Amino acid sequence: MKDKYSLLIIDDEKGIQHGLKTFFNKRGFNVFTTGKYDEAIRIVKEKNIDAAVVDIRLKGNKNGIDLISELKKLEPDIIEIVITGYSSVDTAVTSMKLGASDYIVKPIDNQKLLDAIVKNLEMRNLKNENIFLRNEILSRYDSFDFITENEELKAELRKIDRIKDKPITVLITGETGTGKEILSRYIHFTSNRKDKRFVTINCAALSRELLLSELFGHEKGSFTGAIERKMGKFEIAHGGTLFLDEIGDMSLNIQSKLLRVIEENSFERVGGTKRIEVDVRLIAATNKDLRRMMKEGKFREDLYYRIAVFSVNIPPLRDRPEDIPILIRHFIKKYNKKYNKNVIDLNNDAYNALISHNWPGNVRELENIVNQAVLLSDSEIINLDELVNGRIFIPIQNDKILQNERKDDFEFDKIKDLKMAIANLSKDYEKKILHYYLEKNNFNKSKTARELGITRKTLDFKIRSLNIQDIHRRPQS
Ligand SMILES: Nc1ncnc2c1ncn2[C@@H]1O[C@H](COP(=O)(O)OP(=O)(O)OP(=O)(O)O)[C@@H](O)[C@H]1O
Ligand SMILES: [Mg+2]
C-alpha cells in the first residue's frame with residue numbers, strides 16, 4: 001500500500017503533541033498536530049489524512065466528540081483513535097458509535113496507540129483491496145508471454161527490457177488483435193513493479209463522466225449516483241502500472257486532465273479538492289493514428305509527446321508470417337492444457353493455408369482458430385480438411401480464378417427458379433451463381449438471399465462451405 005501515512009494529532013496539551021509527533025515521525029509517519037477544533041477540520045480538508053488521534057476533552061465549546069463525526073463526514077476512510085481519561089470510558093464508547101475506530105485510555109502508551117493505528121489501517125486497506133483482489137488474482141495468472149520470431153519485434157523487446165524498470169510512459173500502437181495488451185502485461189510483469197498492481201482501463205468503452213470517475217475516483221455526492229466515495233484507477237495502480245487502452249478514443253477534455261496528472265504526478269478525485277500523489281507507470285495503447293489525429297486537432301500534441309516517450313509499433317500478423325508457426329504451437333500448448341487434450345500439431349497443408357491467410361483480426365483471430373481446433377478435434381495432428389469442414393477456418397483460394405472468369409459464360413438470366421437451380425446444380429456452378437448475385441448486389445447478403453429465395457442463414461452457410469470470399473470487403477494490406 002502506501003509508503004507513508006499521514007497522521008493528525010488533535011490534543012490541546014503541547015507536551016503530548018510534541019511527544020507523539022516525535023514518536024510517530026520516527027516510525028515513518030507524516031505527522032500534523034493541532035489543539036484546535038477548526039484547525040483540525042481545515043487540515044483534514046486540505047491534506048490527505050489517513051488517521052487522527054483525537055483527545056475527547058478539547059478546550060472550547062465544541063469538543064472532541066463533535067469532531068469525530070465531523071471528520072468522518074469529510075473523510076469517510078479516516079481512522080480515528082480517541083484518547084480518553086480513565087473516568088470517561090462511557091464517552092469513549094459513544095465516540096466509537098460516532099465513527100471512531102478505537103480508544104486509548106490516558107496516560108497514553110505510545111506503543112499501544114501505534115498498534116491500534118496500524119491494525120486499523122491494515123483493516124481499512126484490506127477492505128479496499130478486497131474489491132480489487134479478485135480481478136488482480138485473475139490478472140496475475142493470465143499469461144504475459146509475448147511470443148515472436150520477428151526480428152523487428154525482437155529488437156523492440158530488447159529495447160523494452162532495457163527501459164522497463166524506468167518510470168517512463170510507453171505507447172503501444174498496432175491494429176486490433178496484434179497483442180498490445182499482452183505486450184503491456186509483459187512490460188509490467190517482468191519489471192520491478194511486478195509485485196504491484198497492473199490495472200487496465202478502456203477509454204473507449206466508457207462515457208465521459210464514467211471515465212473521469214473511473215480514472216480519478218470520486219467523492220460521495222459529487223454527481224448523481226455517487227453514493228459512496230470511490231477510488232480511481234490511478235490510486236489503485238499506485239506503485240504499479242496503469243494500462244490506458246484505446247487512448248485515441250479519449251475526449252480532449254479528459255486528455256488535458258490526464259496531461260496534468262502526468263506532469264504533476266498527482267490528481268484530484270471528482271468532486272474533491274485534495275491533491276493525491278501517485279507513482280504510476282502508464283502504458284497507453286491505440287489502433288488509431290495519433291499523429292493524424294493530432295493534425296486534425298483531435299489529440300493533444302503535448303499529451304502525445306508525454307505519452308510517446310517510448311513507443312512501440314506491433315506490425316500486423318500478415319507482415320510477420322514467421323510468427324504464425326510459433327504462435328500456433330504456443331496456442332496449441334495453451335489450449336491442450338485448458339481442455340486437457342493432446343494435440344501435437346497441425347499438418348503442412350494447414351500451416352500453408354494459415355500462413356497465406358491475411359489475418360484481418362491478427363493474433364486474436366489465429367488464437368481463436370487454434371482454440372476451436374484443439375477443442376473440437378480428436379486427432380493428434382489436425383489437418384486442413386478438418387479446419388475447413390468444421391468451418392473453423394476458411395482459406396482464401398480460387399476466388400481470383402472465379403473473378404477472372406467471364407460471367408456471361410453462364411446463362412444466369414435463364415435460370416428461373418433459383419432455389420431449385422441451386423439445389424440441383426454442381427457445387428462449382430452453384431458457387432458461380434452465388435458469386436454473381438453477391439457481386440451484383442454489392443455483397444449485400446440480405447438482398448442476395450431474398451433474390452435467391454433462400455434464408456440469410458443458408459446463404460451464410462453456403463458462402464462458408466463453398467469458400468466464397470467477399471473480395472470487395474477484404475481489407476487491403
Ligand atoms: N505475441 C504474442 N504472444 C502470445 N500471445 C499473443 C501475442 N500477441 C497476441 N497474443 C494473444 O492474442 C490475443 C489478442 O491480443 P491483445 O488482446 O493483446 O491484442 P490487442 O492489440 O490489445 O487488441 P485490441 O486492439 O483489439 O484490443 C490475446 O489473447 C493475446 O494473449
Ligand atoms: Mg486490447
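Helices and strands here are DSSP runs, at least four residues for a helix and at least two for a strand, counted from the N terminus. On that basis the protein chain of this predicted model has 21 helices and 16 strands. The chain runs to 477 residues, and buried ones make up 29% of them. If you look at contacts with a separation of 6 or more, 70% are between residues 24 or more positions apart.

**The ligand site**

Let's start with ligand 1. There are 17 residues around it, and the ones that come nearest are Thr176, Gly179, Lys180, Glu181 and Val363. By character, the shell splits into 8 polar, 5 charged and 4 nonpolar residues. Helix 7 (180-189) and helix 15 (362-376) each put at least two residues into this shell. As for the domains, ligand 1 lies between domain 2 (142-315) and domain 3 (318-389), because both give residues to its shell.

**Helix 7**

Helix 7 deserves a look of its own. It is mostly covered, with 7 of its 10 residues buried. Those are Lys180, Leu183, Ser184, Arg185, Tyr186, Ile187 and His188. So Lys180, listed among the residues that come nearest to ligand 1, is also one of the buried residues of helix 7. The cover over these buried residues includes helix 6 (151-163) along with strands 6, 7, 10, 13 and 14.

Take Tyr186, which sits in helix 7. It counts as buried because it has 20 C-beta neighbours inside 10 Å, and the cut-off for buried is 20 or more. Setting aside neighbours within four places in sequence, Tyr186 is in contact with Phe144 and Phe146. Tyr186 and Leu157 are 29 residues apart in sequence, with 9.7 Å between their C-alpha atoms.

**Strand 6 and the core**

Which way do the side chains of strand 6 (170-173) point? Val170 and Ile172 go one way, Leu171 and Thr173 go the other, and all are buried. Strand 6 pairs in the parallel sense with strand 13 over 4 bridges, and Leu171 stands opposite Ala284 in strand 13. Strand 6 also pairs in the parallel sense with strand 14 (residues 310-313), again over 4 bridges. There, Val170 has Phe310 as its bridge partner.

The largest nonpolar core has 37 residues, and Ile172, Val199, Phe234, Leu242, Leu244, Ile283 and Ala284 have the most contacts inside it. The elements giving two or more residues to this core include strand 6, helix 7, strand 7 (198-202), strand 10 (241-245) and strand 13 (281-286). Helix 8 (208-216), helix 9 (233-236) and helix 12 (301-307) are also among them. Another core, of 32 residues, lies apart from this one and has Ile9, Leu58, Leu113 and Ala116 among its members.

Back in the first core, what does Ala284 touch once its neighbours within four places in sequence are left aside? Its contacts are Thr169, Leu171, Leu244, Ile247 and Ile307. Leu171 thus turns up both as a contact of Ala284 and as the residue opposite it in the strand pairing.

**Backbone oddities**

A few spots are worth checking if you are setting up backbone torsions.

| Residue | Torsion | Value |
|---|---|---|
| Lys106 and Pro107 | omega, cis peptide bond | about 0° |
| Glu246 | phi, positive, not a glycine | about 55° |
| Asn362 | phi, positive, not a glycine | about 55° |

Pro107 is in the loop between strand 5 (102-105) and helix 5 (110-141). Glu246 is in the loop between strand 10 and helix 10 (252-264). Glu246 counts as partly exposed because it has 18 C-beta neighbours inside 10 Å. Asn362 is found in helix 15, the helix that gives at least two residues to the shell around ligand 1. With 21 other C-beta atoms within 10 Å, Asn362 is buried.

**An exposed loop residue**

Is Asp165 buried or exposed? Asp165 is exposed, because there are 12 other C-beta atoms within 10 Å and 12 or fewer is the limit for that label. It lies in the loop between helix 6 and strand 6. Not counting residues up to four places away in sequence, Asp165 touches Ser191 and Asn192. Asp165 and Lys194 are 29 residues apart in sequence, with a C-alpha to C-alpha distance of 9.9 Å.

Terms used:
Residues are numbered from 1 along each chain as its sequence is written. Chains are lettered from A and ligands numbered from 1 in the order in which they are written. This is a predicted model: local features need pLDDT of at least 70, side-chain atom pairs count only at pLDDT 80 or more; totals for chains, interfaces and linings use all residues. A residue is near a molecule or strand if its C-beta atom, placed from the backbone, lies within 6 Å of it. Ala, Val, Leu, Ile, Met, Phe, Trp, Tyr, Cys and Pro count as nonpolar, Asp, Glu, Lys and Arg as charged, and the others, Gly among them, as polar. Domain bounds come from an automatic or database domain assignment. A nonpolar core is a set of buried Ala, Val, Leu, Ile, Met, Phe, Trp, Tyr and Cys residues joined through C-beta atoms within 7 Å. Two residues are in contact if their C-beta atoms, placed from the backbone, lie within 7 Å. Two strands pair if DSSP finds at least two bridges between them.
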